[in-house]
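Visitor: Please give me a close look at one part of this protein: its salt bridges, and what lies around them.

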Amino acid sequence: MPKLPPAGFMLHDAIAGGCAGLMTRLVTSPLDIIKIRFQLQLEPTFKTKQQGSKYFGIYQALRDIVSEEGIFALWKGQMAGQLLSVTYGGVQFVTYNFCKKTFIELHKQQMLSSLHPNALNFACGSIAGLTASTVAHPLDVLRTRFVAQGEPKYYYSYKHALIKMGRDEGISSFYKGLSPTLICIMPQTGLQFAFYEFLIRELNKFSDITSSGKENSSKKSINIAISGGIAGILSKTIIYPLDVVKKRLEIDDFIIPRKKFGRVTKYKSLTDCFRKIWLEEGLTGFYKGLTPSLAKASSSSALIFFLYEELIHFLDKRKDNQYT
């Protein structure tokens, strides 16, 4: 039997990942709100001669949301968002490190053939994304519904939303968009971890050559943020069309509150959603909200990796000190 990672260090992964997710969500929420509003809008997200769009620019969207719904609208769905971030972050890092250590142990015992480091990181990241998304998806649907509604509110509270969704749409409503979520998240998380591990390895090699001591330690902290930011941009850009489809399917049947934002439509399936976006909105329809999304992806990825690495270092060091 392969030797599994110690439970104590898995707990550290859960705590560090959950805390990093919570703090990152708090900082990047306004960009996420704008991104979701853009993704859900059927009209163009840029100025046209016959302007019929509710939102057509980051500044304009920010200004209109604040003037119409108040400053706290930029943190709409924050409770569900924070629960989502804590749950997703904790499960993601626990699963990633568990898979990686298990695969390495299996290879040591010659029960599994060797994998290239980048392939290993991609595989473990994909499994982590699959697990975390499945566990946290109902919270993602709930948060998207709160972000999608304007004023007056369709859902008055989380309790009201849970009861209304369960009664009107059934339990399956909490798993709407799960298929495109998994299709989207698995490669995105795999790519994010693969890009991050590759970049941090190469940047740290360079830092070891060019500096030493405290200067090197400081550079490595900066390397974490740089690697995380670039990894976030690259992985998000590659899978972005799937992210748009995922958001559209999560608000299917959520028609009445959306009418004030512009045209609404229903999608029969994942392929029907792809087809309708292509026919009605063109290629640009799959990239609505890309600018705020990349701004959010780079900042959130940089923050979550930086905070996770710092917290895990602190927790592991504290545990080691208890036994010395």
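Guide: I'll start with the overall fold, go through the salt bridges, and then follow the chain outwards to a few other spots.

A word on the ground rules: this is a predicted model, so local features need pLDDT of at least 70 and side-chain atom pairs count only at pLDDT 80 or more, while totals for chains, interfaces and linings use all residues. Residues are numbered from 1 along each chain as its sequence is written, and side-chain values use heavy atoms, with hydrogens and water left out.

The protein has nine helices and zero strands (DSSP runs numbered from the N terminus: H or I of at least four residues for helices, E of at least two for strands). Of its 324 residues, 50% count as buried; here buried means under 20% relative accessible area, exposed over 50%, and partly exposed in between, using a 1.4 Å probe and protein chains only. Contacts here mean heavy atoms within 4.5 Å. Among contacts with a separation of 6 or more, 78% join residues 24 or more positions apart.

Now to your salt bridges, each being a side-chain nitrogen of Lys or Arg within 4 Å of a carboxyl oxygen of Asp or Glu. The count comes to 21. Asp32 is a good place to zoom in. Its bridge to Arg25 has the closest N and O atoms 2.9 Å apart, and its bridge to Lys296 spans 3.6 Å, N to O. That second pair ties together distant parts of the chain: Asp32 sits in helix α1 (residues 7-40) and Lys296 in helix α9, 264 residues apart. Asp32 counts as buried because its relative accessibility is 2%. Arg25 is buried too, at 11%, and so is Lys296, at 17%. Zoom out a little and these three turn up in a network of salt bridges that also takes in Lys35, Asp140, Arg143, Lys236, Asp243 and Lys246.

For a local bridge, try Lys164 and Asp168, whose closest N and O atoms are 3.2 Å apart. Both belong to helix α5 (residues 158-168), four residues apart, about one turn of the helix. Lys164 is buried at 17% relative accessibility, whereas Asp168 is partly exposed at 45%.

Back to Lys296: one of its contacts is Ser301, a residue of helix α9 (residues 290-322). Ser301 counts as buried because its relative accessibility is just 1%. Leaving aside residues up to four places away in sequence, Ser301 also touches Gln192, Gly228, Gly229 and Gly232.

Next, look at how two of the helices pack. Helix α3 (residues 78-108) meets helix α6 (residues 178-210) at about 65 degrees, with axes 13 Å apart (axes are lines fitted to C-alpha atoms, for helices over the stretch in contact, and angles run from 0 to 180 degrees between N-to-C directions). On the α3 side, Tyr88, Gln92, Phe93, Tyr96 and Lys100 make the contact, and on the α6 side Ile185, Thr189, Phe193 and Glu197 do.

Finish with Phe72, in the loop between α2 (58-69) and α3. Phe72 counts as exposed because its relative accessibility reaches 71%. Pro30 is 42 residues from Phe72 in sequence, yet their C-alpha atoms are 9.3 Å apart.
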